[in-house]
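Student: Please choose one part of this model and take me through it closely. I would enjoy a connected account more than a list.

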Number of protein chains: 4
Amino acid sequence: MIETETTKDAVYLRCLEERQHHSFVLEQSAEAVVKALGFKVAFEKDLDALKTHLDNLGVENTWVKRYAQGRTLQAKTPQGMILEFYFAMDKAERLLQKYANYHGCAPQRFDHINCFTHNVQDTYEFFVRDLGFRLTEYTATEQEEIWACWMHRKGGVHDMALTNGKGPRLHHLAVWVPNALDIIHLCDLMATTGYVENIERGPGRHGISNAFFLYVLDPDGHRIEIYTSDYLTVDTDFEPIRWDLLDPQRQTLWGAPAPLSWFEHGSVFEGIAVNEPVLEAKPIVAP
Amino acid sequence: MIETETTKDAVYLRCLEERQHHSFVLEQSAEAVVKALGFKVAFEKDLDALKTHLDNLGVENTWVKRYAQGRTLQAKTPQGMILEFYFAMDKAERLLQKYANYHGCAPQRFDHINCFTHNVQDTYEFFVRDLGFRLTEYTATEQEEIWACWMHRKGGVHDMALTNGKGPRLHHLAVWVPNALDIIHLCDLMATTGYVENIERGPGRHGISNAFFLYVLDPDGHRIEIYTSDYLTVDTDFEPIRWDLLDPQRQTLWGAPAPLSWFEHGSVFEGIAVNEPVLEAKPIVAP
Amino acid sequence: MIETETTKDAVYLRCLEERQHHSFVLEQSAEAVVKALGFKVAFEKDLDALKTHLDNLGVENTWVKRYAQGRTLQAKTPQGMILEFYFAMDKAERLLQKYANYHGCAPQRFDHINCFTHNVQDTYEFFVRDLGFRLTEYTATEQEEIWACWMHRKGGVHDMALTNGKGPRLHHLAVWVPNALDIIHLCDLMATTGYVENIERGPGRHGISNAFFLYVLDPDGHRIEIYTSDYLTVDTDFEPIRWDLLDPQRQTLWGAPAPLSWFEHGSVFEGIAVNEPVLEAKPIVAP
Amino acid sequence: MIETETTKDAVYLRCLEERQHHSFVLEQSAEAVVKALGFKVAFEKDLDALKTHLDNLGVENTWVKRYAQGRTLQAKTPQGMILEFYFAMDKAERLLQKYANYHGCAPQRFDHINCFTHNVQDTYEFFVRDLGFRLTEYTATEQEEIWACWMHRKGGVHDMALTNGKGPRLHHLAVWVPNALDIIHLCDLMATTGYVENIERGPGRHGISNAFFLYVLDPDGHRIEIYTSDYLTVDTDFEPIRWDLLDPQRQTLWGAPAPLSWFEHGSVFEGIAVNEPVLEAKPIVAP
């Protein structure tokens, strides 16, 4: 990733095609926690409309100040996630065509967020009904309970995904790379520079999203997905794709199961209690 | 490409991730011409709003019937292009994850259209002001006249591009593939199955759009681009990128010039007269 | 693979760059067994020299007739493997540049054989001392006992590898492909055409050989490796590379362990008894 | 490339899989010339046998001292090329699996040399008859005169190729990379770091050798090929492949002609006169 700026207590990072100041902020902290998940709105006035809507819903929210960005509205969702919305951010140079900056897997852009939530159905409804996300794929139990879901705004498979589990917790953040070989190179690089233990899962192909993926843990234990090969979802009549919870190919098209840690480990939000999931359906894990 | 259906006088084709009946229609005809360029609108009611807007503008338009699709509004732009707008189309199976259907360069989706127009400025204004397209990149002369432009609706670099030249004519249609190696395989395949003469330009990297490209001519002489590696443009505050007409890297980042045919050859619209360009700026071509 | 010829009871296959009649023969049989492993010698007269050498050693051998190939010497190694040596074979067209024949992972050439043997040290010595193979890499226990070894004639990492285990048995045959993406495509293809259960291990990177690999089981249960990314070993002063049996990265550079089946499952030679390994060292397997 | 060592007036370079001290030496010099082309022999005693053979032939030769390597025999071929032969060289660490050293196109090994010679037939005969090279592919005129040839020792398409032209001159040196995408990345990198003018030809696919290639000029004007995708030639009954001089696909399978500079520009050997070619056949060049 590109280091846009480093201040006394934070590092601001962006990816190669990004023209805004940062898409990741790492702050020095006693504990490895998530402070907030950020979303850019389409227009400045959307922030005010959102505040009114959240106030009407009784959803806790407040204006906060954030370095290098404009007005920022922080909200705590009914299930406890901390989200932040902004429109304006300082600009940075696009490095997409400054190829000397390509290193490692050369992440091209921030792609999506995946969170554990203890109540997928309610969280899903909040994102779709109140924030305007659209469903693309989902996993359901045999009783048609939603166990996990993928929702988008930008026209890909997802900007936000939800997984059943102790929550709210961050499951992973994902960056998009143009090529599966970039991911293979990252495996080689991590494996020979002292980070072999940080490779958690993959590389492989997800059934859901069709993504070629790799999951790694950063030195703080936050999970990062390196991600490519999804598809467009811009059609307004796009019909969401249902996957059965018992179908192992939804996880990995090629059949290999995810490790247990992938279903259990996540990053907590700072100061937010974690709840047991209301849905008891178990994921499919290898023996 | 996938053959969805073949009728007595037409072949309906789609790409691997597409879930609608067709994105290309080939009709038997005495001459190799373009009948219309199609666009899907977001909602059914947009068709009526568009009709009203075009009527108000005095832009010629009419409802037409099209196989396997709903209400379709045909319009002739002020510069003479024939466009068709629809919302509903019959559904077809998505073959993205039926990998036995991957052949050749395995086109994943229709990506964009590029047309010659004799008046880039006016055509550009019609697309942006009246149809709601957004500018992403453009080529300008030293006098800041727009010589070519790239405009989008779906969040990529372009759905529609315009090039200065005798027009209106179709310059090319483009399909998106996930990987540069798919394009290299297509070169190998065409070169060894009797189509080596149909490889017109590339493979290479465009400066504009950053796309890795190949241009081929189909047996009727219509130009097809095989295209990958562009970037997202969903931010509403995206600032269009200007390229100087004299910068050869806008065409090919690696420096190789396009052949003369690439600036001269195009497909006419059926029954539409072709006009000399109002802007005399010449492209940069190798000696 | 390319089907050169099919007779009443056998199918003869070759890979894309191969100019001889076959590199694989599948014969109809009541049981899924290995009949013989074939090696091409450099010159016709080497067959006679080899016969004399084997006779002197007291190694069982005999001339056999094989379809589409010249004089063939069959030998049973002291550890019970059935090997066949030939020089001449009928020619077939090289399809390397007939790209219309590229399907699936497009195997370009047969690469190597890997066998279980109950006595790695003795088998290794037979291949190196009596057949002229050269050691490239090997796994040793802490007591410096050879647990597995890789040996070559053609200048790559191996034509023949040996693994400690119940033997003699064939562990796998390997075909070489030019690109890791060919292997990924094969995973996608198998996973969506009913062969997901036949993907046994990978894709991944071996520490030993540096190969990017995939192991699949054919419908008879014979294991096939799809293999790329090794290196040249033509220097006569090449120093073999030692790997510690306790180093998990020798198996998979990225850390993921091989499944238990990979250490246990193999194909027996027709009519040859299988022996317990003399070396008790256990491989490293995941819990 | 990896910088093994830099002395007062020379830089010693090797590629990622190479375990010897250097495969390229750059010496400071007033003029950009070639001092010698080096070859490693299989055994130390081969040097003495070679000296005797060259003395018998009346080919000028002498022992020379070279940094970091053992006894070295320098010879001037009948057509004026300066060759050097050695067996022993200091060892260096193999970096194939130290992926942090992968930069740019990550050249994995030195692959081959290509020289202009004014007399292809005689030079070809010297290499095959006196040095033991084997022919793999060749270009012939309609009168069956050899116009260019590819010869190997290590089991690939070539270690040494000869092209008709003013000679002796070095046409290019080639490094092997595992993947076409490494070559595409190098194009992107050179195009955006001030070296766009140094990209001379490609990327493309050669008909001859099937290689995916790129030709660049280093800052001294020496031509370097980046090369992948050839095939094995270890069979002793390998039949050389003939290409017609009039077949444009021998140069580029995809049809694009090489630029004129590619037929004209080369590097002279220090102090060696350049002769006009005896064969007048002209290459095929675009109009």
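Tutor: Let's start with a pair of chains: a turn of 180 degrees, with a shift of 0.0 Å along the axis, lays chain D on chain B with an RMSD of 0.0 Å. The two copies are thus related as by a two-fold rotation axis. For this, copies are superposed by least squares on the C-alpha atoms of residues with pLDDT of at least 70 in both. This is a predicted model, in which local features need pLDDT of at least 70 and side-chain atom pairs count only at pLDDT 80 or more, while totals for chains, interfaces and linings use all residues. As for labels, residues are numbered from 1 along each chain as its sequence is written, and chains are lettered from A and ligands numbered from 1 in the order in which they are written.

Now to the place where these two chains meet. Chain D brings 14 residues to the contact and chain B brings 14 residues; two residues are in contact if their C-beta atoms, placed from the backbone, lie within 7 Å. On the side of chain D that touches chain B, α3 (180-191) and β13 (199-205) each supply at least two residues. Helices (H or I, at least four residues) and strands (E, at least two) are DSSP runs, numbered from the N terminus. The largest share of that side of chain D, six residues, comes from α3(D). By class, the side of chain D that touches chain B has nine nonpolar, two polar and three charged residues. Here Ala, Val, Leu, Ile, Met, Phe, Trp, Tyr, Cys and Pro count as nonpolar, Asp, Glu, Lys and Arg as charged, and the others, Gly among them, as polar. The same surface serves both copies, as 100% of the contact residues of chain D recur in chain B.

Let's look at the two helices in this contact. Helix α3 (residues 180-191) of chain B packs against α3(D) at an angle of about 105 degrees, and their axes are 10 Å apart. Axes are lines fitted to C-alpha atoms, for helices over the stretch in contact, and angles run from 0 to 180 degrees between N-to-C directions. Therefore α3(B) and α3(D) are roughly perpendicular to each other; angles under 35 degrees count as roughly parallel, over 145 as roughly antiparallel, 65 to 115 as roughly perpendicular and the rest as oblique. From α3(B), Ala180(B), Leu181(B) and Ile184(B) meet Ala180(D), Leu181(D) and Ile184(D) of α3(D). The contact of α3(B) with α3(D) thus has six nonpolar, no polar and no charged residues.

The strand β13 deserves a look in chain B as well. Strand β13 (residues 199-205) of chain B holds Pro203(B), and the peptide bond that joins Gly202(B) and Pro203(B) is cis, with omega about 5 degrees. Chain D has a cis bond to show too: Gly167(D) to Pro168(D), with omega near 5 degrees. Pro168(D) sits in the loop between β11 (160-164) and β12 (169-176) of chain D.

Next, another helix of chain B. In helix α2 (residues 120-130) of chain B, the buried residues are Val120(B), Thr123(B), Tyr124(B) and Phe127(B). Down the axis of α2(B), these buried residues fall within an arc of 100 degrees, so they line one face of the helix; the arc is that of the directions from the helix axis to the C-beta atoms. The cover over the buried residues of α2(B) includes β8 (109-117), β10 (146-152) and β11 (160-164) of chain B. A residue is buried if 20 or more other C-beta atoms lie within 10 Å of its own, exposed if 12 or fewer, and partly exposed in between, with C-beta atoms placed from the backbone. Just after α2(B), Gly132(B) takes a positive phi of about 85 degrees. In chain D, Gly132(D) lies in the loop between α2 (120-130) and β9 (134-140) and is partly exposed, with 13 other C-beta atoms within 10 Å.

Finally, the other pair. Chain A and chain C each give 14 residues to their contact. On the side of chain A that touches chain C, α3 (180-191) and β13 (199-205) of chain A give two or more residues, and α3(A) gives the most, with six residues. Chain A can be laid on chain C by a turn of 180 degrees and a shift of 0.0 Å along the axis, with an RMSD of 0.0 Å. Since 100% of the interface residues of chain A are also interface residues in chain C, the copies meet through the same surface.
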